[in-house]
Amino acid sequence: MKYVIHGSGGGPECMSLTNGPIPSPGPGQILIEVASAGINRPDVLQRSGKYPPPADASPVLGLEVAGTVAALGEGVTEWKVGAGVTALVPGGGYAEYCVAPAGHALPIPAGMDFTMAAALPENWYTVWANLMLHGRLAAGERLLIHGGSSGIGLTAIQLAKYIGAESIVTVGNAEKAAFCREFGAAHAINYREADFAEEVKRITNGAGVDVVLDMVGAPYLQRNLAVLKRDGRLVFVAFLEGAKGEFDLSPVMMKRLTITGSTMRPRTLEEKTAIRDALLARIWPEMAKGTIRPHVFARFPLAEVTEAHRLMESSRHIGKIMLEVKP
Ligand SMILES: NC(=O)c1ccc[n+]([C@@H]2O[C@H](COP(=O)([O-])OP(=O)(O)OC[C@H]3O[C@@H](n4cnc5c(N)ncnc54)[C@H](OP(=O)(O)O)[C@@H]3O)[C@@H](O)[C@H]2O)c1
């Protein structure tokens, strides 16, 4: 099969296509003939050598794929060869074939092609885990989402809307702000033009928000604590601008705040299957109705993976950048 290698890591140009054996599914796994694979910001970190894969994961980039089940590992009964699936994988997605735990695959939602379906797993697993399990976001609450136009950000807007919470997003330009409002955010703040904490206070008449979903890290920490209400929750999914600094943590005690966060890849097989089951029960029916959909910004052939990563690093995109392995 063809797959992408990134050697010892570096800029986007370190990636190229090569040929190698098709992986074989182990017990409890399925082999997927990949039609499309999603690109995620963690792939950029891994390619640059800053996010090594877990020891038992494929070293090949790619955390989500959609395609057709080509073979079943021992003991797999929930999928049949030939079924269309989209799956969260711990690696190996930038390839013509990829193995996935059977319990981490979901059916292709009605009305979606493989590329749209491949845009779902990484964002939905991550946002569900962080906002529902850790952030405990509830109906009637307010959520501040940094990086509102990212794949993660747009998914968080849709999850908030689905559960009846209101979202405020931060974005880097006016086009992204307009898009996020159209997508369901109640307010969008251009952080290059205004201080987000002051804007949140203005928008909420000084009340603040119940939950903050953050990917920026240290430079935002003090202001994130400032905009949280009593019993508020700050949830980290990344530290794009660093994790270290000097902070005044007194708001944590004064307002009984919770600081939490998580990464998806090191979770156990069982934890990920439980998230898959929750998505299947709660979110997949919404996909079938068309009320929740991914936003695919660009599609690249697998051979143009370097261009696809350049686009992601430019941050010009809104939503998902996809690789079409078998257009
Ligand atoms: N914890 C987990 O399990 C998990 C899983 C998946 C992704 N993530 C993280 O979630 C974040 C979003 O992922 P994604 O795949 O949705 O990414 P993405 O689509 O590439 O979005 C990242 C966006 O964040 C904004 N941003 C703000 N500050 C930034 C900075 N210092 N550097 C780069 N971008 C910045 C940019 O938009 P503006 O123009 O608005 O600045 C950019 O478009 C990433 O940090 C990723 O590592 C975490």
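Start with Y191: a polar atom in its side chain sits 2.5 Å from an oxygen atom of the ligand. Keep in mind that this is a predicted model.

Two other residues put polar atoms within reach of ligand oxygens too. In K176 the partner is an N or O atom of the side chain, whereas G172 uses a polar backbone atom. Here are the three contacts side by side:

| Residue | Part of the residue | Distance to a ligand oxygen |
|---|---|---|
| Y191 | side chain | 2.5 Å |
| K176 | side chain | 2.6 Å |
| G172 | backbone | 2.8 Å |

How much of the ligand does the protein bury? On its own the ligand would expose 910 Å², and 92% of that is buried by the protein. As for where this happens, the ligand sits in the largest pocket.

Now for the shell. The ligand is surrounded by 24 residues, and R41, G172, K176, Y191 and E241 are the closest. By type, the shell breaks down into 10 nonpolar, 10 polar and 4 charged residues. Some of it comes from helices: helix 1 (41–47), helix 3 (121–134) and helix 4 (151–163) each bring at least two shell residues.

Why does the ligand lie between domain 1 and domain 2? Domain 1 (2–120 + 265–324) gives residues to the shell and so does domain 2 (124–261), so the ligand ends up between them.

Key: Residues numbered from 1 in each chain as written. Predicted model: local features only at pLDDT ≥ 70, side-chain atom pairs only at ≥ 80, totals over all residues. Heavy atoms only, no water. Near = heavy atom within 4 Å. Polar contact = N/O pair within 3.5 Å; in protein donor to acceptor, adjacent residues only side chain to side chain. Areas by Shrake-Rupley, 256 points an atom, 1.4 Å probe, with all protein chains shown as cover. 1 Å grid on protein atoms, 1.4 Å probe; cavity = no way out; pocket = protein on both sides within 12 Å on 5 of 7 lines; lining within 4 Å. Sits in = over half its atoms within 2 Å of the grid points. Helix = DSSP H or I, 4+ residues; strand = E, 2+ residues; numbered from the N terminus. Nonpolar A, V, L, I, M, F, W, Y, C, P; charged D, E, K, R; others polar. Domains from an automatic or database assignment.
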